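Work through the exercises below with the sequence and the model at hand. Each task is followed by a solution in steps.

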Amino acid sequence: MKTRYSQNMTAPLRTATSTAGWGLFLTSSWTWCIGMWLPLVLLTQYGWPGFWVFAIPNVLGCAGMGYLIRSRRQSETLVARHRGPMRWFSVATIAYQLFFLAFIFGGRGWMPTMLEGTLPGLIVPLVAFAIAIVASWLPWKVWPWLGTLVFLATMGTWVASGNGFSDTIGSSGTEPDVELWPLAPIIILGFLACPWLDPTFHRARQLAPSRHAFGVFGISFFAVLLFVTTYFSFDSFDTWNLILPFLFYQTTFTMSAHLREIRLLE
């Protein structure tokens with residue numbers, strides 16, 4: 001039998017759990033192929049400054065969006081007014097993931113354990129898309145748990161890889177540092193604007209019991225970006241065999257979340 005004391009203890013715990021769950025859902029839905037690969041390019045060209053120019057506006061801009069929207073109703077109003085652009089945003093997101101999977105798993109000869117030819121580059125995106133379609137019909141109460149599972153799997157991959165930050169990443173890269181700074185305003189503007197068109201961000205704002213879900217997102221998403229930097233100089237086939245599943249299930253989750261939003265935006 002529940003007493004009033006136990007009920008008073010359960011309610012805050014349930015709120016905290018739901019808040020954390022929606023924050024981790026957001027982390028998993030926002031971990032695009034761009035976040036899983038572009039930091040490596042920037043590290044190569046500009047060293048750690050390139051990473052920070054990417055990571056700081058990404059984390060702060062996206063987390064800040066949830067705090068700037070004052071209420072669930074305000075988010076619902078924004079979605080109603082900008083339904084069309086948000087739908088196309090999700091379509092573009094899915095297209096990015098499919099292209100990325102085709103590129104990574106295609107027979108390019110440089111990916112370990114991949115078959116020669118174009119067959120994996122065709123089959124893997126189709127399988128991921130089929131799984132994403134099925135997953136997109138899951139009820140809303142499942143999504144915070146699924147997002148949490150994906151995040152924990154990512155952190156588990158980091159631990160299993162046994163890799164820390166590469167000593168080969170320096171304060172500069174292959175390109176002159178001066179070429180980085182013209183890119184900074186574009187990157188900052190992009191990450192300040194994109195969350196407002198991302199329907200999964202609005203979904204989290206509407207269903208999370210607290211805006212602090214976006215604080216959870218900021219911390220956990222930054223952890224994912226740090227994990228990405230650790231496979232900067234992987235040269236072990238065994239390690240890449242851990243990374244490839246991560247690339248697959250992460251892009252699949254992102255597509256499934258956006259497929260559901262496209263259907264609901266209709």
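## Exercise 1: The chain as a whole

Task: State how much surface the protein chain exposes and which atoms supply 69% of it.

Solution. The protein chain exposes about 13100 Å², and carbon and sulfur atoms supply 69% of that area. This is a predicted model. Next, take the burial: of the 266 residues in the protein chain, 47% are buried.

Task: Find how many helices and how many strands the protein chain has.

Solution. The count gives 11 helices and 0 strands. Reading along the sequence therefore gives the pattern α-α-α-α-α-α-α-α-α-α-α, where helices are DSSP runs of at least four residues. Then look at the contacts between residues at least 6 apart in sequence: 87% of them join residues at least 24 apart.

## Exercise 2: Two salt bridges

Task: Locate the salt bridge of E76 and describe where its two residues lie.

Solution. Step one is the partner: E76 pairs with R72, and their closest N and O atoms are 3.0 Å apart. The cut-off for a salt bridge is 4 Å, so this pair qualifies. Step two is the position: both residues belong to helix α4 (residues 72-81), where they are 4 residues apart, about one turn of the helix. Step three is the accessibility: E76 has a relative accessible area of 34% and is partly exposed, and R72 is partly exposed at 42%.

Task: Decide which residue forms a salt bridge with E261, and whether E261 is buried or exposed.

Solution. The partner is R203, with the closest N and O atoms 3.0 Å apart. This pair links distant parts of the chain, since E261 is in helix α11 (residues 237-265) and R203 is in helix α9 (residues 199-207), 58 residues apart. Buried means under 20% relative accessible area. E261, at 1%, is therefore buried, and R203, at 16%, is buried as well. The total for the structure is 2 salt bridges.

## Exercise 3: A nonpolar patch

Task: Name the residues of the nonpolar patch on the surface and give their accessible area together.

Solution. The patch consists of L119, L122, I123, V127 and I131, with about 430 Å² of accessible area together. Take I131 as an example: I131 is found in helix α6 (residues 119-135). Its relative accessibility is 41%, so I131 counts as partly exposed. Patch residues need over 30% relative accessible area, and I131 therefore passes that cut-off.

## Exercise 4: Cysteines without a bond

Task: Explain why the sulfur of C62 has no bond to the closest cysteine sulfur.

Solution. First, the closest cysteine sulfur to that of C62 is in C194, at 7.6 Å. A disulfide needs two cysteine sulfur atoms within 2.5 Å, so 7.6 Å is too far for a bond. The structure holds 0 disulfides. Second, check the burial: C62 is buried, with a relative accessible area of 0%. C33 is also buried, at 6% relative accessibility.

## Exercise 5: A pair separated in sequence

Task: Determine what distance separates the C-alpha atoms of A193 and M65.

Solution. Begin with A193, which is found in helix α8 (residues 183-197). A193 is partly exposed, its relative accessible area being 38%. Along the chain, A193 and M65 are 128 residues apart, while their C-alpha atoms are separated by 9.1 Å.

Technical notes:
Residues numbered from 1 in each chain as written. Predicted model: local features only at pLDDT ≥ 70, side-chain atom pairs only at ≥ 80, totals over all residues. Heavy atoms only, no water. Salt bridge = Lys/Arg side-chain N within 4 Å of Asp/Glu carboxyl O. Buried < 20%, exposed > 50% of the residue type's maximum accessible area, 1.4 Å probe, protein only. Patch = residues over 30% accessible without salt bridge, like charges linked within 9 Å, V, L, I, M, F, W, Y side chains within 5 Å. Areas by Shrake-Rupley, 256 points an atom, 1.4 Å probe, with all protein chains shown as cover. Contact = heavy atoms within 4.5 Å.
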